[in-house]
Amino acid sequence: MATTSGVRRAQRLSPSLILAVGSLSISFGPAIAGLLAARSLSASDRGDLAIILAAVAIAGVVAARGLDVSLLSSIRTLDLDTNLGVVRRHLSLRSLKGLRAEAPIAALVAYLIVTPVEKYGVAGAIALVAMSMILTSLSCDFLTHRALRLARGQMTSVFATDVSSGVCHVVLAALIFSSGGSTVTFLLATTISLAVPLVIERWTSPSQPPSQASLEDVHNALAPLGTSALKSRMLMIAAFRLDRILLGAFAGTAPVGVYAVAVPLGEAAAVVPNHLANLVNLRASTGDQTPWYRQRPALIGLMSTAAIALPSFVFARPLVTTLFGERYEDAVTPLRLLCVASLVGAVWRLSEAELFGRNLPQATVRASLAAAAAVVVLTAALARGLGASAPALASLVGYFLAALFCAVSLRGARQ
């Protein structure tokens, strides 16, 4: 009897552990690439790379139209296994539309702030603009297809995709660093690391039988929650990424380069809860298990955040100077602020996911609006005076407001 109980506990815990390890793998690649880029590039060039990636991240989320969230709740209205072929086609069409609509906007924003022609020449500027557009579409595709596999319970497939992307990113970044990297080549490494797992998935996926649903049926099933999710995700990604763009616009790209050194170390603590939030959403939407089973991923996420954030806060100075060199010592204060922000942000992200699972998207929109407003206003107001510390302080305040909003809404929903 005890043995059977132990097996059941392991089976229940395994999805959380699989996603936790996979999320560390997929974030390990950009973190190592960021480290190598900081050692290879000047602060200004590193800032250029951070601004471009921030613009792409925002555009990719907008291009996804909230499908990465609505797919996790679609099991109530759509049979994903029976209609897998048409669902995948719907997601691919969405990515292509993003290439035509959101991708040019991301490239334009990056171009206006970075002004690549003056720094990299015409050929380099064309390469940065083209990769920004391609990366936007790939980001949208990666988000939505990963959510589809999660919604179908394919945790092992998600793990394999995450690991392959992370390993590819590390290998490419190491090769680029060894040969003298540039902003263009490091951006190319990011683009390839997202493309490779998507290509492998397309080649290895078996052909699907004809679907019972049409593209219109899939759209009608996913659009209602997706629209609300898009509002929340747009505001959330604004809180998470717009700070770099604003800092570059108000204080120049050099402070962005310093801030970009602190961000991977600070955000490392938030990697696991950010990815486990998908599992929290999925389990909250089903509601067919015990509260402990549904909330266990959130507990694992918070514990992992504390385990990384607290040592990073204490040893911030040796971490920065050892990994990046004395020239980035100004990143110590932003890192400590981001370590505290990651703890608060984990509460926000996991609470937001449960609210989506409980079909309460409007509560998440209010929380994300509070966070985005605080980050935008405080970053713009403090950028020239505090430099790289401005967006870190703004993030801490914004995340706290969002977590407070979500906690109040979630308390009412659980009663």
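1. D141 is buried, because its relative accessible area is 8%, below the 20% cut-off. This is a predicted model. D141 sits in helix α6, which covers residues 116-151. Leaving out residues up to four places away in sequence, D141 touches L91, S95, L198 and R202. An arginine, R202, is thus listed among the contacts of this aspartate.

2. E102 is another buried acidic residue, with a relative accessible area of 9%. E102 belongs to helix α5, residues 102-114. Which residues is E102 in contact with, leaving aside neighbours within four places in sequence? They are A59, V62, A63, R65, R94, K97 and T136. That list includes R65, R94 and K97.

3. The overall make-up is helical. The protein has 16 helices and 0 strands. Of its 415 residues, 53% are buried. Among contacts with a separation of 6 or more, 84% are between residues 24 or more positions apart. The accessible surface is about 17,100 Å². Carbon and sulfur atoms hold 67% of that surface.

4. Helix α14 deserves a closer look. It runs over residues 332-357. Of its 26 residues, 20 are buried, so the helix is mostly covered by the under-20% criterion. A kink of about 25 degrees is centred on S342. What span should the 26 residues of α14 have at 1.5 Å a residue? The expected value is 38 Å, and the end C-alpha atoms are 37 Å apart, which agrees. After α14 comes N359, with a positive phi near 65 degrees.

5. One charge-over-ring arrangement involves R336 and F313. R336 lies over the face of F313. Its distance from the ring centre is 6.0 Å.

6. Now the aromatic pairs. How many does a search of the whole structure find? The search finds 2. In one of them, the rings of F324 and Y328 have centres 6.3 Å apart and planes at 70 degrees. That angle is over 60 degrees, so the pair is edge-to-face. F324 and Y328 are both buried.

7. W348 and Y399 also form an aromatic pair. Their centres are 5.6 Å apart, with 45 degrees between the planes, and the pair is tilted. Why does this pair tie together parts that are 51 residues apart in sequence? W348 lies in α14, whereas Y399 lies in helix α16, residues 389-414, so the pair joins those two parts. Both W348 and Y399 are buried.

8. A371 shares a contact with this region. A371 lies in helix α15, residues 361-386. Is A371 buried or exposed? At 0% relative accessibility, A371 counts as buried. Beyond residues up to four places away in sequence, A371 touches A239, W348, G398 and A402. W348, a partner of Y399 in the tilted pair, is therefore one of the residues that A371 touches, with heavy atoms within 4.5 Å. G398 and A402 fall within the residue range 389-414 of α16.

9. The contact between A371 and A239 spans a long stretch of sequence. A371 and A239 are 132 residues apart in sequence. In space, their C-alpha atoms are 6.0 Å apart.

Key: Residues numbered from 1 in each chain as written. Predicted model: local features only at pLDDT ≥ 70, side-chain atom pairs only at ≥ 80, totals over all residues. Heavy atoms only, no water. Phe/Tyr/Trp six-rings, centres within 6.5 Å; stacked < 30°, edge-to-face > 60°. Buried < 20%, exposed > 50% of the residue type's maximum accessible area, 1.4 Å probe, protein only. Helix = DSSP H or I, 4+ residues; strand = E, 2+ residues; numbered from the N terminus. Lys NZ or Arg CZ within 6 Å of the ring centre and 35° of its normal. Expected span 1.5 Å × (residues − 1). Bend = angle between axes of the 7 residues up to and from the residue. Areas by Shrake-Rupley, 256 points an atom, 1.4 Å probe, with all protein chains shown as cover.
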